[in-house]
Amino acid sequence: MTFPDHTDPCWQSADWRTETLLALMKTYRLSISAVCDLTDTKYSTVACWRKSVDRPISIAHLKALMFELGRGLV
C-alpha cells in the first residue's frame, strides 16, 4: 500500500484514518489484538477505532502502525 505525504490534508479526516485502519487490518490480516500490540493500546480502544467515527484512530497511532508494518514485524 502507498500512503499520502504527511502534509496531505487527508490525514486530518477521521473517516479516512478509519478506512485506512480497516484496509490495513484486512490487507495484513491483523486481529484487534495484533493492532493492540503494534500500537501499544488497549483492546477496547482498537475496537472503538474500528467502529466509531466519534473516536477514530489518531494520526500518531496510524503512523506508528504503518511504521511497524513497514518494518516487517507482522
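The questions and answers below go through a predicted model of one chain.

User: How many helices and how many strands are there in the chain?
Analyst: Read from the N terminus on, the elements of this predicted chain run α-α-α-α. The count for the chain is therefore zero strands and, on the helical side, four helices.

User: What is the radius of gyration of the chain, and what does the globule rule give for 74 residues?
Analyst: Taken along the principal axes, the box that the C-alpha atoms of the chain fill is roughly 30 × 30 × 20 Å. For 74 residues the globule rule gives 11 Å, and the radius of gyration of the chain is close to that value, so the chain is as compact as a globular protein of that length. The radius of gyration itself is 11 Å.

User: What share of the residues of the chain count as buried?
Analyst: Some of the chain's surface is open, since the chain exposes about 4700 Å², of which carbon and sulfur atoms supply 52%. A residue counts as buried when its relative accessible area is under 20%. Of the 74 residues of the chain, the share that count as buried is 38%.

User: Which elements do the buried residues of H2 pack against?
Analyst: Helix H2 spans 32–39, and the residues buried in H2 are Ile32, Val35, Cys36, Leu38 and Thr39. The buried residues of H2 pack against three other helices, namely H1, H3 and H4 (59–70).

User: Which residue with a positive phi follows H2, and is this residue buried or exposed?
Analyst: H2 is followed by Asp40, whose phi is positive, near 55°, and Asp40 is found in the loop between H2 and helix H3 (43–51). Most residues other than glycine have a negative phi. The relative accessible area of Asp40 is 71%, and because exposed means over 50%, Asp40 counts as exposed.

User: In which loop does Arg29, with its positive phi, lie?
Analyst: Arg29 is not a glycine, although its phi is positive, at about 55°. The relative accessibility of Arg29 is 77%, so Arg29 counts as exposed. Its place is the loop between helix H1 (14–27) and helix H2 (32–39).

User: Why does Cys48 form no disulfide with Cys36?
Analyst: A disulfide is a covalent bond between the sulfur atoms of two cysteines. The cut-off for counting one is a pair of cysteine sulfur atoms within 2.5 Å. The closest cysteine sulfur to that of Cys48 is in Cys36, and this is too far for a bond because the separation is 11 Å.

User: How many disulfides does the chain have, by this rule?
Analyst: The rule asks for two cysteine sulfur atoms within 2.5 Å, and the sulfur of Cys48 does not meet it with the closest one, in Cys36. By this rule the count of disulfides comes to zero.

User: Do Cys10 and Cys48 count as buried or as partly exposed?
Analyst: Cys10 has a relative accessibility of 17%, and because this is under 20%, Cys10 counts as buried. Cys48 has a relative accessibility of 29%, which lies in between 20% and 50%, so Cys48 counts as partly exposed.

User: What distance separates the C-alpha atoms of Asp5 and Leu62?
Analyst: Asp5 has its place in the segment before H1, and at 45% relative accessibility Asp5 counts as partly exposed. Along the chain, Asp5 and Leu62 are 57 residues apart, whereas the distance between their C-alpha atoms is 13 Å.

Conventions: Residues numbered from 1 in each chain as written. Predicted model: local features only at pLDDT ≥ 70, side-chain atom pairs only at ≥ 80, totals over all residues. Heavy atoms only, no water. Buried < 20%, exposed > 50% of the residue type's maximum accessible area, 1.4 Å probe, protein only. Helix = DSSP H or I, 4+ residues; strand = E, 2+ residues; numbered from the N terminus. Rg over C-alpha atoms; globule rule 2.2 N^0.38 Å. Areas by Shrake-Rupley, 256 points an atom, 1.4 Å probe, with all protein chains shown as cover. Contact = heavy atoms within 4.5 Å.
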